Amino acid sequence: MKRRSHFFLYSIVLFPVVLAFYFAARYSFGFLNIPSIQQGGQHWKAVLQDGSFWASLGFSAGVAIASVGMAVLLGAIFAFISYRGRSNEKLAFVWYSAMIFPPVVAAWLGFQWLGQSGWISRFLFQWGLIQGPADFPAWVLGNSPWALILIHGCLITPFFTLYFFDLYRSLQLNELLQMSQNFGMSVAQFFRYGGLQLLGRKTLPLMGLYTILIMGSYEIPLIVGGVYPKMLSVYIVDKLQKFDLANIPQAYVVTVIYFLVAATIILIVTRWVRQFKMQRL
Amino acid sequence: MRRYLTTVSLSLMLLTLFLGLCVSALGLGLSYPSLWPREWDFSFLSEIGSRGQLFSSFASSLWIACAVAIASTTSAFAVRLISFYSQPEQRLQLFIFYLPYLIAPVVLAVALQILFLRLGWAGTYTAIIMGQICITLPYAIILQDGIWGQSLRSIVQMGLNFGLSSFQILRCIIWPAARGLLILSTIQTFLISWFDFALVQFLGMGRVRTLTLSLYTAVLESDLQQASFAAIAIILPGFLLMLLFYRIFIQKATSI
């Protein structure tokens, strides 16, 4: 009875995912019922030998890690600046209301503000700092990752700020800091000899999850991103819908690879969650 | 004073972003160096009145999101109720429930598309709602973790000992314990569905237009006005729901 009810709980969630994975894996070997597409493992070989695939994988990972790093850093600092133990609901509300921007809107706002003819560029022009839109760096629709990192980072910074507020309270950071100062440590020394480990251990699982979330981000690179390298989701969609029918199995190959990578990272992260839960603090 | 610094600057930033959206939604003649529009254009009011494009995509977005929120919350509740006595192993449960939520929506959509094409659902509301439920159901189940603990199990056991019927257990024990988190889970799943783009694009096959999709097409057509309108239409209900959510839960639980 007990086993079976477990099974029910899991299977209802896993069923569509497993089915989807099965179809994707099948199609990645060319079983598509399209006569011109050969069946077999050559699509895997083609993807793995393709430099643009590795470029987009590395690019996605780089953007994800950089933007999560930015968000964690900013969130920790913002929370540290305004954290003083007492409660004020209105402050928290502003941070909560910063989380209502979905990726599509964030991409559009990034387009509007960071573009070469965007608001920032216009302000700089009015102040006489640049001579025209060409002087503004081509972050949006260019091949540099800065716009992507900035937009993703800003998108998740409010979440990490709220998380760190909570974390500081539950770790009683103020009291710990007070105590370490009583023993003659500076703030920097406190963070160097223990504070960072303490915070990092609690934050690392969340950082892992957000890294995968951003690696698979779609709307923002679609609207803001450049031509090469692409982020993984856009790469998959391009292989699927553009240029060449014979590339369709390759799209599914990348899908399967991403599936496996994400599943591995989630597995590691859930292990961390458990390990860190067992250690005290 | 210092603790207000970040918050005040953040609220200024949010207001600036919103103002920028409003200006580009209502202004005409925003060519390059100008910061302020030549004239204002309020023709959108008549468009909303005459049930234009934006109105219909707003309606379909709303209908999809409501269906997804209610279906996934109630079915998560039902699933937890059915497997009431099971105590899932923590790590396996986390892994399985994070999987659909964290795998990129595009990846899930691309893979589900084949399935729905075979079922003949592609391009219908059913496909979009089912696809979004694949993401929101595990999320709702995880969110309801707070209800279904050991303490509830023992209270239910006690009720059984005192001879309550199963309806009475549901009404007098489980419902009061679950009510708050059920509202929270409805709001959250509504927002996930409201903000979703990839699943709508792939499973809707261009036949279903939601707000996020019409924002994207407006950007593709470089129709800045329409895009800003769509963005405002996406943000405002989200803001209202966040207000409600905050009023109900956060104010009591966590505050800065």
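Helices α3(B) and α8(B) cross with a right-handed sense. The model is predicted. Besides this helix pair, the points below cover the contact between chains A and B and helix α11(A).

**Helix pair in chain B**
- Helix α3 of chain B spans residues 53-82, and helix α8 of chain B spans residues 166-195.
- Their axes come within 8 Å of each other, at a crossing angle of roughly 140°. That angle makes α3(B) oblique to α8(B), because only angles over 145 degrees count as roughly antiparallel.
- On the α3(B) side, the residues that meet α8(B) include S61(B), I64(B), A65(B), V68(B), S72(B), A76(B) and F77(B).
- On the α8(B) side, A178(B), L182(B), S185(B), T189(B), F190(B) and W194(B) are among the partners.
- By class, this contact consists of 12 nonpolar and 7 polar residues, with no charged ones.

**Contact between chains A and B**
- Chain A places 74 residues in contact with 65 residues of chain B.
- The most residues on the chain A side come from helix α1 (residues 2-28), which gives 17.
- The side of chain A that touches chain B is made up of 53 nonpolar, 13 polar and 8 charged residues.

**Helix α11 of chain A**
- Helix α11(A) covers residues 232-241, and 8 of its 10 residues are buried, so the helix is largely enclosed by the rest of the structure.
- The buried residues are L232(A), S233(A), V234(A), Y235(A), I236(A), V237(A), K239(A) and L240(A).
- F243(A), just after α11(A), has a positive phi of about 75°.

Notes: Residues are numbered from 1 along each chain as its sequence is written. Chains are lettered from A and ligands numbered from 1 in the order in which they are written. This is a predicted model: local features need pLDDT of at least 70, side-chain atom pairs count only at pLDDT 80 or more; totals for chains, interfaces and linings use all residues. Axes are lines fitted to C-alpha atoms, for helices over the stretch in contact, and angles run from 0 to 180 degrees between N-to-C directions. Helices (H or I, at least four residues) and strands (E, at least two) are DSSP runs, numbered from the N terminus. Angles under 35 degrees count as roughly parallel, over 145 as roughly antiparallel, 65 to 115 as roughly perpendicular and the rest as oblique. A crossing is left-handed if the near helix is turned anticlockwise from the far one by less than a right angle, and right-handed if clockwise. Two residues are in contact if their C-beta atoms, placed from the backbone, lie within 7 Å. Ala, Val, Leu, Ile, Met, Phe, Trp, Tyr, Cys and Pro count as nonpolar, Asp, Glu, Lys and Arg as charged, and the others, Gly among them, as polar. A residue is buried if 20 or more other C-beta atoms lie within 10 Å of its own, exposed if 12 or fewer, and partly exposed in between; C-beta atoms are placed from the backbone.
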